[in-house]
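This report describes one protein model for a reader who has not seen it before. It starts with the whole chain and then turns to a single residue.

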Amino acid sequence: APQWILRGNHDRVAAGLTHAGTFSPTARAAIEWTQRRLDPGDLEWLRHLPIGPLSMDTDTLLCHGAPRDEDYYIQ
């Protein structure tokens, strides 16, 4: 995977790593749409994306969600 790409919760579900049980109906529909359009190689690539947080340098942390939980929505 490229150096500064990390997996998000929709990626994880689309790749089949977890279920969309807590997702809204709209989010589930978007994931199902995505799954139908990605080929097996694309889904495999998603499965191997790193989980954040990733340290970009001494001052920058790349996160999806919050540093302690990739599923946490920061508001």
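In this predicted model, residues 24 or more positions apart account for 54% of the contacts with a separation of 6 or more. The protein contains three helices and two strands. Along the sequence they follow the pattern α-α-α-β-β.

The table lists overall values for the protein.

| Property | Value |
|---|---|
| Box filled by the C-alpha atoms, along the principal axes | roughly 40 × 30 × 15 Å |
| Buried share of the 75 residues | 24% |
| Exposed area | about 5400 Å² |
| Share of the exposed area supplied by carbon and sulfur atoms | 55% |
| Distance between the mean positions of the positive and negative charges | 8 Å |

The charges behind the last row are 7 positive and 10 negative.

One residue can be followed in more detail. Asparagine 9 belongs to helix 1, which covers residues 9–14. Is asparagine 9 buried or exposed? Its relative accessibility is 5%, and because buried means under 20%, asparagine 9 counts as buried.

Which residues are in contact with asparagine 9, leaving aside its neighbours within four places in sequence? They are Phe23, His64, Asp71 and Tyr73. With histidine 64 there is also a polar contact, made between the side chain of asparagine 9 and the side chain of histidine 64 at 3.4 Å.

Definitions and conventions:
Residues are numbered from 1 along each chain as its sequence is written. This is a predicted model: local features need pLDDT of at least 70, side-chain atom pairs count only at pLDDT 80 or more; totals for chains, interfaces and linings use all residues. Side-chain values use heavy atoms; hydrogens and water are left out. Helices (H or I, at least four residues) and strands (E, at least two) are DSSP runs, numbered from the N terminus. Buried means under 20% relative accessible area, exposed over 50%, partly exposed in between (1.4 Å probe, protein chains only). Contact means heavy atoms within 4.5 Å. Accessible areas come from the Shrake-Rupley method with a 1.4 Å probe; for residues, only the protein chains shown count as cover. Lys and Arg count as positive and Asp and Glu as negative; His and the chain ends are not counted. The place of a charge is taken as NZ of Lys, CZ of Arg, CG of Asp or CD of Glu. A polar contact is a pair of N or O atoms within 3.5 Å; within protein, one must be able to donate a hydrogen and the other to accept it, and residues adjacent in sequence count only if both atoms are side-chain atoms.
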